[in-house]
Every structure is written in structure tokens, then in C-alpha cells.
Amino acid sequence: MRQIPVDTNGATLMVAQAPQIKMRDKQNGVIATDRNSGHTLMTVDVLFVMNGNAEVVSITVAEPDISGELAMGTPVALTGLVAMPWENEFNGQKRHGISFRAVAVTSLAAGASKPKAA
């Protein structure tokens with residue numbers, strides 16, 4: 001899958017919704033895991049503000065790579081953010097979009113330098 005690096009320099013980034021476990025199959029309760037590490041994947045909704053435009057994007061990140069308290073409104077840094085175009089067919093309908101993945105999501109709030117407890 002093609003990965004397109006995303007430059008966040010000059011953008012204001014803050015948590016729109018706290019991290020949640022990413023589900024691979026919601027109907028059967030299957031949790032998504034990273035193919036390489038086996039860690040649980042999380043999604044963090046982030047408000048991305050740049051050049052007067054704001055958009056909420058869902059970022060996927062492995063659970064151990066989330067550091068600090070990520071409550072709504074917390075400013076964050078995204079390390080290694082990439083965009084990945086996708087396309088699939090479900091029940092005869094083609095769907096497409098862009099998913100976002102980061103190597104790490106780090107709180108920039110004062111006193112948030114401690115890693116998240118496991």
C-alpha cells in the first residue's frame with residue numbers, strides 16, 4: 001500500500017476525541033492489532049488546523065506509542081504521520097478513502113512527558 005508522508009509543520013493539532021480501541025470486526029468483537037509488533041491498535045481523533053481550515057481526522061497508532069494524557073483539547077505532536085489511500089468493495093458497492101497512521105502520538109500538555117502506563 002502506498003504511504004504518503006504528511007507534513008504537520010505549521011499546523012495546530014489537538015485531540016478531538018480520546019484514544020479508542022480500533023476494531024477489525026465490530027460484529028464479532030475482533031480487535032485490530034499491528035502486523036509487525038502485535039500491539040493493539042488505537043484510533044485518536046485529532047483536530048488538524050492549518051491556514052484557517054480545520055478538519056477532524058482519525059489517526060491509527062499502536063497503543064504503546066501513545067504518550068501522555070490525551071483528553072479532548074490536549075495539544076499533540078504526531079510523529080511519522082502518513083496518509084494511505086484505500087479502496088474496497090462491500091456488498092457490490094465500491095468505497096474509497098484515505099486512512100492516517102502515525103508512529104506516535106505525544107501530548108504537548110505541561111507535565112505530559114511521562115509515557116502512558118501499560
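In this predicted model, the largest nonpolar core comprises 17 residues. Leu13, Ile59, Val76 and Val105 have the most contacts inside it. Four strands, β2, β5, β6 and β8 (76–79), each supply at least two residues of this core. The greatest share comes from β5, with four residues.

Isoleucine 59 was examined further. Leaving aside residues up to four places away in sequence, isoleucine 59 touches Met42, Thr43, Val44, Val46, Leu78, Leu81, Phe100, Arg101, Ala102 and Val105. Val105 is thus a contact of isoleucine 59 and also among the core residues with the most contacts.

Six strands form an open sheet of mixed pairing. Their order is β1-β9-β10-β6-β5-β2. The edges are β1 (4–5) and β2 (12–21), each paired on one side only. Inside the order, β5 and β6 are antiparallel and share ten bridges. Asparagine 53, in β6, is the bridge partner of methionine 50.

The largest pocket has a volume of about 1,400 Å³. Its lining consists of 33 residues. Lys22, Ala32, Leu41, Thr60 and Ser99 lie nearest the pocket centre. By class, the lining has 15 nonpolar, nine polar and nine charged residues. At least two lining residues come from each of β3 (23–25), β5 (41–50), β6 (53–62), β9 (82–90) and β10 (93–101). The most come from β9, which gives six. Both β5 and β6 therefore serve two regions, as each supplies at least two residues to the pocket lining and at least two to the largest nonpolar core.

Key. Residues numbered from 1 in each chain as written. Predicted model: local features only at pLDDT ≥ 70, side-chain atom pairs only at ≥ 80, totals over all residues. Heavy atoms only, no water. 1 Å grid on protein atoms, 1.4 Å probe; cavity = no way out; pocket = protein on both sides within 12 Å on 5 of 7 lines; lining within 4 Å. Points joined across faces, edges and corners; volume = space filled by probe spheres on them. Nonpolar A, V, L, I, M, F, W, Y, C, P; charged D, E, K, R; others polar. Pairing = 2+ DSSP bridges. Core = buried A, V, L, I, M, F, W, Y, C linked by side-chain atoms within 4.5 Å. Buried < 20%, exposed > 50% of the residue type's maximum accessible area, 1.4 Å probe, protein only. Contact = heavy atoms within 4.5 Å.
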